[in-house]
Amino acid sequence: DLADNSESPDISDSPEDEVTSLEEEIRNNMEANQTPIMQDKDVFNILLIGSDTRKTDGRRGLSDAMIIISINKKTKTITATSILRDIYLQIPGKQNNRINAAYALGGADLLMDTIEQNFKIQVDRYASIDFFAFIDIVDAVGGVTLEVTEKEIPVINKYITEINRLTNQVETLDHLIEPGTLLLNGKQALGYARNRYIGNNDFERTARQRRVLEQVFHKIKDIGLLELNSLMNKILPQVTTNLTQGEIFSMILSLPSYAKYDLQQWSIPVNGSYSNMRIRGMAVLGIDFDKNIKEIQKRIYGVEENQ
């Protein structure tokens, strides 16, 4: 949320020595770390970007969701890796900042470059959607079935109200009434995926985003090619991507194969590899890059530490 990303100078920053130490770690990772950017002909990495753009005025928002989808043909796995938006790192050519600022500062290209250089992983392509495209994609697949708790309902409804105001609809339209296993439409699923106030803040939110993504994938993989073609004609005009037409066509044809792959999901930073800090008034995650790079190589590429 844009409000969540504003600086709050009235709250004191972390001790200067801690900040200096983190800045030095970031510099060493970018400049002295000899780990090459990992790439493998059998692994294709697509960065999914969900921006918090609320209006169709062409203005880029911050990247509210960043998920790397890794298709590994060798291990027959599809791995969804969420990157938490508050990770503090070096944005190439810019001041150190939270990773979600990279998209607002330089679009998908700068965000891809930021991920590659900080995490030593090749990002092959990207696909970016905003709030309204997210809603239309979920509606196009017939909604998603998810477990919603009583505590989540008021937060989801708050986000639904915001979208209703932006689209000049009745504020309470599509509000959820009762918890349970519910079939959510696009607007409701967006409220569910944006929720960072219940549970472990952004860690929980990225898990919700991956649950929605998994549901969409399960819906798409079960439909025939003709229906899939019709669905793609609805969805693709709303997606900004550098995937070529040939690559998109190839992926559509490969869906029956991908449907049999194992789905894995996780997020970075991993447990025990980060600390909550405050720098220049921003709440950030200071992370151990080495630990997270090793975990990326293990989970996405199957590289063990002793190799």
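These exercises with worked solutions cover selected features of the structure above.

The model is predicted: local features need pLDDT of at least 70, side-chain atom pairs count only at pLDDT 80 or more, and totals for chains, interfaces and linings use all residues. Residues are numbered from 1 along each chain as its sequence is written, and side-chain values use heavy atoms, with hydrogens and water left out.

**Exercise 1. Helix packing**

Task: Describe how helices α7 and α8 pack, by angle, distance and handedness.

Solution:
- Step 1. Choose the descriptors. A packed helix pair is described by the angle between the axes and the distance between them.
- Step 2. Locate the helices. α7 covers residues 225–235, and α8 covers residues 245–258. Helices are DSSP runs of H or I with at least four residues, strands are runs of E with at least two, and both are numbered from the N terminus.
- Step 3. Read the geometry. The angle is about 135 degrees, and the axes lie 11 Å apart. Axes are lines fitted to C-alpha atoms, for helices over the stretch in contact, and angles run from 0 to 180 degrees between N-to-C directions.
- Step 4. Classify. The helices α7 and α8 are therefore oblique to each other. Under 35 degrees counts as roughly parallel, over 145 as roughly antiparallel, 65 to 115 as roughly perpendicular, and the rest as oblique.
- Step 5. Assign the hand. The crossing of α7 and α8 is right-handed. A crossing is right-handed if the near helix is turned clockwise from the far one by less than a right angle, and left-handed if anticlockwise.

**Exercise 2. A nonpolar surface patch**

Task: Identify the patch that contains Phe249, and state its accessible area.

Solution:
- Step 1. Place the residue. Phe249 sits in helix α8.
- Step 2. Check exposure. Phe249 has a relative accessible area of 52%, so it is exposed. The classes are buried under 20%, exposed over 50% and partly exposed in between, with a 1.4 Å probe and protein chains only.
- Step 3. Find the partners. Leu225 and Leu253 join Phe249 in a nonpolar surface patch. Patch residues have over 30% relative accessible area and no salt bridge; like charges are joined within 9 Å, and nonpolar side chains (Val, Leu, Ile, Met, Phe, Trp, Tyr) within 5 Å.
- Step 4. Give the area. Together the three expose about 320 Å². The method is Shrake-Rupley with a 1.4 Å probe, and for residues only the protein chains shown count as cover.

**Exercise 3. Salt bridges**

Task: Work through the salt bridges of helix α9, then one with Lys41.

Solution:
- Step 1. Set the criterion. A salt bridge puts a side-chain nitrogen of Lys or Arg within 4 Å of a carboxyl oxygen of Asp or Glu. The whole structure holds 12 of them.
- Step 2. Take Asp290 and Lys294. Their closest N and O atoms are 3.1 Å apart. They are about one helical turn apart because they lie 4 residues apart in helix α9 (residues 289–301). Asp290 is partly exposed at 41%, and Lys294 is partly exposed at 35%.
- Step 3. Take Glu295 and Arg299. Here the closest N and O atoms are 2.9 Å apart. This pair also lies in α9, 4 residues apart. Arg299 is partly exposed at 37%, whereas Glu295 is buried at 18%.
- Step 4. Note a network. Glu24, Arg27 and Glu31 are joined by salt bridges that share partners.
- Step 5. Turn to Lys41. Its side chain meets that of Asp42 at 3.4 Å, N to O. Lys41 is exposed, at 79% relative accessible area.

**Exercise 4. Backbone exceptions**

Task: Which residues have a positive phi without being a glycine, and which peptide bond is cis?

Solution:
- Step 1. Recall the norm. Most residues other than glycine have a negative phi, and most peptide bonds are trans.
- Step 2. Take Asp174. Its phi is about 70 degrees. Asp174 lies in the loop between α4 (152–166) and β8 (180–184), and it is partly exposed at 26%.
- Step 3. Take Arg280. Its phi is about 50 degrees. Arg280 lies in the loop between β11 and β12 (282–287), and it is partly exposed at 27%.
- Step 4. Find the cis bond. It runs from Ile268 to Pro269, with omega near 10 degrees. Pro269 is in the loop between β10 and β11.

**Exercise 5. Sequence versus space**

Task: Give the sequence and spatial separations of Met277 and Val19, then of Ser273 and Gly142.

Solution:
- Step 1. Take Met277, in strand β11 (residues 274–279). Met277 is buried at 10%. Val19 is 258 residues away in sequence and 8.3 Å away, C-alpha to C-alpha.
- Step 2. Take Ser273, in the loop between β10 (262–268) and β11. Ser273 is buried at 3%. Gly142 is 131 residues away along the chain, with 39 Å between C-alpha atoms.
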